[in-house]
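Trainee: Could you take me through one part of this model closely, and say what surrounds it and how its neighbourhood is put together?

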Amino acid sequence: MDPQVVSMIQKGILETLYMTFCSSLLAYVFGLPMGIILVVTDKDGIKPCVPVQQVLGFFINIFRSIPFLILLIMVLPLTKIIVGTTLGPTAVIPPLTIAAAPYVARVVESSLKEVDAGVIEAAKSMGASSWQIVYKVLLPEAKPSLLVGGALAVTTILSYSAMAGFVGGGGLGDIAIRYGYYRYQTGIMLVTVVLLVIIVQIIQEAGLRMSKSGDKRIR
């Protein structure tokens, strides 16, 4: 590969990481509270409120059911309003966030529901408020599972970002589509695929290591 191609791939890696981690951060800003609300308002939760739980779960399921490529096209007008353009890595962040936040909410919900009910009851018996139970019991106890779920969420967002190449979103996915698909340059496409696989493996390994280091049960 000539220097121009190497430079393009390096730029693609940076764009992919930028899209993935910015979207992951924003997805957790919205998804984490939604996941907590789903658990707290469940019929067996700290503050049961079935209507809230069902309505929120309904909307989460709707957005999770929309294929990302379709969602990406659907929210183009909103993307234009938010970032002022529909092209480039920054323009992919709003649809990535919208697609990933419901997924994150379900991941968080699943992790929090793994917490032993006896620990929660003990906190209640000591007079802990709902917020204290969430902040000092649920989240710390679910930390290992949340970290593993976080790694899965980030890799899912990374796979979504690869589809952004169809609308000029940039990143490794854009390079694979433009050169591997449209120009039949298989070598460049294979390089981008290998790089994506390597990035996924690094993220998953990092999540697993952090989960093990924060798991009190294996100490």
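Mentor: Let us take helix α9, whose buried residues pack against α1 (3-40), α8 and α10 (186-213); please keep in mind throughout that this is a predicted model. The helix covers residues 171-181, and because nine of its eleven residues are buried, α9 is largely enclosed by the rest of the structure. Named in order, these buried residues begin with G171, L172, G173, D174, I175, A176 and I177, and they end with Y179 and G180.

One of the packing partners, α8, deserves a look of its own, and T155 is a convenient place to start, since this residue lies in that helix, which runs over residues 143-163. The relative accessibility of T155 is 10%, and because the cut-off for a buried residue is under 20%, T155 counts as buried. Within its surroundings, a polar atom of the T155 side chain lies 2.8 Å from the backbone oxygen of L152. If neighbours within four places in sequence are set aside, T155 is in contact with V200, I203 and Q204. For I203 the separation along the chain is 48 residues, while the C-alpha atoms of T155 and I203 are 7.1 Å apart in space.

Helix α8 also takes part in the aromatic pairing of the model, where three aromatic pairs are found in total. In describing such a pair, one gives the distance of the ring centres and the angle of the planes. For F68 and Y160 the centres are 5.0 Å apart with 10° between the planes, and the pair is stacked. This pair joins distant parts of the chain, since F68 belongs to helix α3 (residues 68-74) and Y160 to helix α8, with the two positions 92 residues apart. The two partners are classed differently in accessibility: F68, at a relative accessible area of 5%, is buried, whereas Y160, at 21%, is partly exposed.

Another of the aromatic pairs, also stacked, consists of W131 and Y135, with 5.6 Å from centre to centre and 10° between the planes. Here the partners both sit in helix α7 (residues 130-141), and because they are four residues apart, about one helical turn separates them. With 3.6 residues to each turn of an α-helix, residues three or four places apart point the same way. As for its surroundings, W131 has a relative accessibility of 58% and therefore counts as exposed.

Note on methods. Residues numbered from 1 in each chain as written. Predicted model: local features only at pLDDT ≥ 70, side-chain atom pairs only at ≥ 80, totals over all residues. Heavy atoms only, no water. Buried < 20%, exposed > 50% of the residue type's maximum accessible area, 1.4 Å probe, protein only. Contact = heavy atoms within 4.5 Å. Polar contact = N/O pair within 3.5 Å; in protein donor to acceptor, adjacent residues only side chain to side chain. Phe/Tyr/Trp six-rings, centres within 6.5 Å; stacked < 30°, edge-to-face > 60°.
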